[in-house]
Amino acid sequence: MSTSIAYGPARVLPGAQIHISTTPDTEPFWEAAKERRLTACQCAVCGQFRMPPTPYCPNCSSKERKWPTLPGTGEVFSYAICNKNPATGEDYVYVPVVVQLDEAGGVRLVGNLTGCNAEDVKIGMKVTVEWTDICDGWVLPNFRAV
Ligand SMILES: [Zn+2]
């Protein structure tokens, strides 16, 4: 017999406490996110995706890149359930998920999951991107259960 814990609804962390920094390699990702468009770095020569973005393709060594618009869907590859806000220490249930993105060659992206109870998150469950306004005008991709 297993025990289960009722955590309740998973929430994303408040955008007001999330700061990012960009580099020339990552800035196209974040600029697209401002337009609520999910993208990933893809080699313009051989087509291999790479996240996080790097200057050179590990497959063919090309510097040529493109940033295709992805459907924004995927499935949960891994997750953790957290119950304290890391900034404030208050009780706060959130679920960081590693999502394998659709139509992106198997690359994965980390976000917070919402739209379900934390105890109901499963490996393989379908999710879709959901955008969270964060500090300094940036927008963070999170995920919602579908
Ligand atoms: Zn390549």
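# Exercises on a predicted zinc-binding model

UniProt, in an unreviewed entry, places the feature "domain: ChsH2 C-terminal OB-fold" at residues 67–131. The model treated in these exercises is predicted.

## Exercise 1. The overall architecture

Task: Determine how many helices and strands the protein has, and describe the span that UniProt annotates.

Solution. Step 1: The secondary structure consists of one helix and eight strands. Along the sequence, these elements follow the pattern α-β-β-β-β-β-β-β-β.

Step 2: The C-alpha atoms occupy a box of roughly 50 × 40 × 20 Å along the principal axes. The protein has 146 residues, of which 40% count as buried.

Step 3: Within residues 67–131, the helix content is 0% and the strand content is 52%. The end C-alpha atoms of this span are 18 Å apart.

## Exercise 2. The zinc site

Task: Identify the residues that coordinate the zinc ion, and establish the arrangement of the donor atoms.

Solution. Step 1: The donors are the SG atoms of Cys43, Cys46, Cys57 and Cys60, at 2.3 to 2.4 Å from the zinc ion.

Step 2: The angles subtended by the four donor atoms range from 102 to 118 degrees. Four donors count as tetrahedral if all angles lie between 85 and 135 degrees. The arrangement is therefore tetrahedral.

Step 3: The spacing of the donor residues in sequence is C-x2-C-x10-C-x2-C. Cysteine 43 belongs to strand E1, while cysteine 57 belongs to the loop between E1 and E2, 14 residues apart. Both cysteine 43 and cysteine 57 are buried.

## Exercise 3. Features of the loop between E1 and E2

Task: State which peptide bond is cis, and determine whether serine 61 is buried or exposed.

Solution. Step 1: The cis peptide bond joins methionine 51 and proline 52, with omega at about 0 degrees. Proline 52 is situated in the loop between E1 and E2.

Step 2: Serine 61 is also placed in the loop between E1 and E2. Although serine 61 is not a glycine, its phi is positive, at about 70 degrees.

Step 3: A residue counts as exposed if its relative accessible area is over 50%. Serine 61 has a value of 52%, and so it is exposed.

## Exercise 4. Salt bridges

Task: State how many salt bridges the whole structure contains, and locate the partners of arginine 65 and arginine 36.

Solution. Step 1: A search of the whole structure yields six salt bridges. Side chains of opposite charge can pair when their charged atoms come close.

Step 2: Arginine 65 meets aspartate 25 in a salt bridge, at 3.1 Å from N to O. This pair links distant parts of the chain, since arginine 65 lies in strand E2 (residues 65–66) and aspartate 25 in the segment before H1, 40 residues apart. Arginine 65 has a relative accessible area of 27% and is partly exposed.

Step 3: Arginine 36 forms a salt bridge with aspartate 133, with the closest N and O atoms 3.0 Å apart. Here arginine 36 is in the loop between H1 and strand E1 (42–43), and aspartate 133 is in strand E7, 97 residues away. The relative accessibility of arginine 36 is 41%, so this residue counts as partly exposed. Its phi is near 55 degrees, a positive value in a residue other than glycine.

Step 4: Glutamate 35 forms a salt bridge with arginine 37, the closest N and O atoms lying 3.7 Å apart. Glutamate 35 is exposed at 58% relative accessible area, whereas arginine 37 is partly exposed at 26%.

## Exercise 5. Strand pairing and the nonpolar core

Task: Determine in which sense E3 pairs with E5, and which element gives the largest share of the largest nonpolar core.

Solution. Step 1: Strands E3 and E5 pair in the antiparallel sense over five bridges. Strand E3 (residues 73–79) also runs antiparallel to E7, to which it is joined by three bridges.

Step 2: Glutamate 75 stands opposite lysine 126 in E7, and its bridge partner in E5 is glutamine 100.

Step 3: The largest nonpolar core has 37 residues, and Leu101, Leu113 and Phe143 touch the most other members. Helix H1 (27–34) and strands E5 (91–101), E6 (108–114), E7 (126–133) and E8 (139–145) each give two or more residues to this core. The largest share, seven residues, comes from E5.

Key: Residues are numbered from 1 along each chain as its sequence is written. This is a predicted model: local features need pLDDT of at least 70, side-chain atom pairs count only at pLDDT 80 or more; totals for chains, interfaces and linings use all residues. Side-chain values use heavy atoms; hydrogens and water are left out. A nonpolar core is a set of buried Ala, Val, Leu, Ile, Met, Phe, Trp, Tyr and Cys residues joined through side-chain atoms within 4.5 Å. Buried means under 20% relative accessible area, exposed over 50%, partly exposed in between (1.4 Å probe, protein chains only). Helices (H or I, at least four residues) and strands (E, at least two) are DSSP runs, numbered from the N terminus. A salt bridge is a side-chain nitrogen of Lys or Arg within 4 Å of a carboxyl oxygen of Asp or Glu. UniProt positions are given in the numbering used here, feature names are shortened, and annotations may be inferred rather than shown by experiment. Donors are N, O and S atoms within 2.8 Å of the metal (3.2 Å for Na, K and Ca); water is not among the atoms, so sites may look incomplete. Four donors count as tetrahedral if all angles lie between 85 and 135 degrees; four count as square planar and six as octahedral if opposite donors are over 155 degrees apart and all others between 65 and 115; anything else is irregular. Two strands pair if DSSP finds at least two bridges between them.
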